[in-house]
Amino acid sequence: MAHSLFLLPGDGIGTEIMAEVEKIIAWLNSQGETDFTLDTGLAGGAAYDAHGVAISEEDMQKALAADAVIFGAVGGPKWDNVPYEHRPEAALLRLRKELGVFANLRPAICYPALADASSLKRELVEGLDILIVRELTGGVYFGEPKQIIDLGNGQKRAIDTQVYETYEIDRIARVAFDLARTRKNKVHSADKKNVMKSGVFWDEVVRSVGKEYPDVQLNHILADNAAMQLVRNPKQFDVMVTDNLFGDILSDVAAMLTGSLGMLPSASLGAPDPVSGKRKAFYEPVHGSAPDIAGKGIANPIAMVASFAMALRYSFGMIELANRVEAAISAVLADGLRTGDIAQDNRRTVGTEEMGAAILGKL
Ligand code: ATP
Ligand code: MG
């Protein structure tokens with residue numbers, strides 16, 4: 001059966017880097033390696049210009065119906081003054097919410113050829129391959145009450161509320177344990193149970209899920225220690241699962257171990273459908289629309305291509321093909337090809353199209 005992909009290139013470099021992924025998909029289809037049906041929509045500023053909203057109802061329905069959504073990036077100075085509810089980022093928030101993608105997977109992979117571009121010494125990061133699993137739809141980002149109260153005596157009080165229910169922790173823990181089984185059978189769960197009730201609860205639920213995965217080694221780590229260990233000895237980790245806030249911070253720390261923003265993919269997964277077992281899924285590079293370099297043809301397409309590789313792996317079970325795409329990325333880097341963001345002395349600096357073509361050539 002054909003697999004359906006819905007592409008939302010978005011704005012700025014989003015359209016430039018998505019074009020390279022489209023070429024890869026077209027080639028894979030032409031070789032009979034894949035059987036993807038493709039549809040493309042508008043998101044962010046591009047949708048606002050066409051329809052006056054950040055994403056049209058029609059495109060929203062297509063996103064909900066697709067096997068996987070591949071998203072570029074949205075935003076740019078052109079849309080700084082559009083009404084708040086139609087700002088480009090609204091498309092992203094609406095897509096995440098309506099797709100119900102609660103599990104955000106951010107791999108931090110250090111390609112050997114780029115080990116010197118890391119914030120850490122080569123020996124600490126060479127061969128690094130860790131996966132941060134961040135809870136994306138709960139916690140202090142959404143918990144109520146969330147307000148600033150005027151106390152009337154010249155003082156105010158601000159409140160954010162960390163809220164997690166059993167099912168929310170249970171399902172994100174299962175994602176992490178299932179992923180660990182496809183990797184090194186090792187999970188670190190990070191929280192602050194020494195000071196937070198929600199941390200005590202997080203640990204309790206993760207441990208109880210862990211009992212169903214006796215083959216996976218579960219380690220507890222305090223989130224502050226996790227931050228320290230990530231820059232002290234990152235290779236001790238494989239899968240790390242944590243809540244929305246700690247995941248936001250820890251995944252950014254992990255990201256900087258790998259070199260450039262232009263290298264980092266992400267996947268966001270929903271709950272499996274009770275009948276088909278399929279998960280809604282949303283794949284996007286970690287970086288934004290990079291207005292400063294948009295239209296120049298110099299953006300690094302690797303994060304976008306690597307996001308597509310994650311789609312192959314996590315939505316379609318095409319593990320071998322995903323590995324080949326990642327190996328192709330590694331091979332062009334080993335050949336010395338660099339886009340501007342990862343440029344090093346004595347390496348050949350290429351544009352978006354040339355980098356995309358080189359990856360396709362390796363494939
Ligand atoms: P957002 O708010 O959407 O996250 P941002 O302003 O935080 O966006 P980006 O748009 O990701 O950040 O850009 C940050 C910097 O990184 C910019 O200087 C941009 O040019 C650079 N950058 C981001 N992505 C790439 C890429 N794929 N290739 C080259 N440079 C990039
Ligand atoms: Mg940003």
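Reader: Angles under 35 degrees count as roughly parallel, over 145 as roughly antiparallel, 65 to 115 as roughly perpendicular and the rest as oblique, so which of these words fits helix 1 and helix 10?

Author: This is a predicted model, in which local features need pLDDT of at least 70 and side-chain atom pairs count only at pLDDT 80 or more, while totals for chains, interfaces and linings use all residues. Residues are numbered from 1 along each chain as its sequence is written, and chains are lettered from A and ligands numbered from 1 in the order in which they are written. The axes of helix 1 (residues 13–30) and helix 10 (residues 302–314) cross at roughly 45° and come within 8 Å, and the two helices are therefore oblique to each other.

Reader: How are the axes and helices defined there?

Author: Axes are lines fitted to C-alpha atoms, for helices over the stretch in contact, with angles running from 0 to 180 degrees between N-to-C directions. Helices (H or I, at least four residues) and strands (E, at least two) are DSSP runs numbered from the N terminus, and the chain has 12 helices and 14 strands.

Reader: Which residues of helix 1 and helix 10 meet?

Author: Ile17, Met18, Glu20, Val21 and Ile24 of helix 1 meet Met304, Val305 and Phe308 of helix 10, where contact is taken as C-beta atoms, placed from the backbone, within 7 Å. These residues divide into 7 nonpolar, no polar and 1 charged, counting Ala, Val, Leu, Ile, Met, Phe, Trp, Tyr, Cys and Pro as nonpolar, Asp, Glu, Lys and Arg as charged, and the others, Gly among them, as polar.

Reader: And how does helix 1 lie against helix 12?

Author: Their axes come within 9 Å and cross at roughly 25°, helix 12 being residues 352–362, and that makes helix 1 roughly parallel to helix 12. On the helix 1 side the contact is made by Glu16, Ile17, Glu20, Lys23, Ile24 and Trp27, and on the helix 12 side by Thr352, Gly356 and Leu360. The contact divides into 4 nonpolar, 2 polar and 3 charged residues.

Reader: What about helix 8 and helix 9, how are they arranged?

Author: The axes of helix 8 (residues 223–232) and helix 9 (residues 244–255) cross at roughly 10° and come within 9 Å, and the two are therefore roughly parallel to each other. Ala223, Ala226, Ala227, Leu230 and Val231 of helix 8 make the contact with Phe246, Ile249, Leu250, Val253 and Ala254 of helix 9, and these divide into 10 nonpolar, no polar and no charged.

Reader: Switching to the ligand, how many residues surround ligand 1?

Author: There are 15, the closest being Gly262, His287, Gly288, Ala290 and Asn300, and a residue is near a molecule if its C-beta atom, placed from the backbone, lies within 6 Å of it. The shell divides into 6 nonpolar, 7 polar and 2 charged residues.

Reader: Where is the cis peptide bond?

Author: The bond from Glu144 to Pro145 is cis, with omega near 0°, and Pro145 is found in the loop between strand 5 (129–135) and strand 6 (147–150).

Reader: Last one, what is phi of Asn185?

Author: Phi of Asn185 is near 55°, a positive value in a residue other than glycine, and Asn185 lies in the loop between helix 6 (166–181) and strand 8 (186–191). For background, most residues other than glycine have a negative phi, and most peptide bonds are trans.

Terms used. Contact = placed C-beta atoms within 7 Å.
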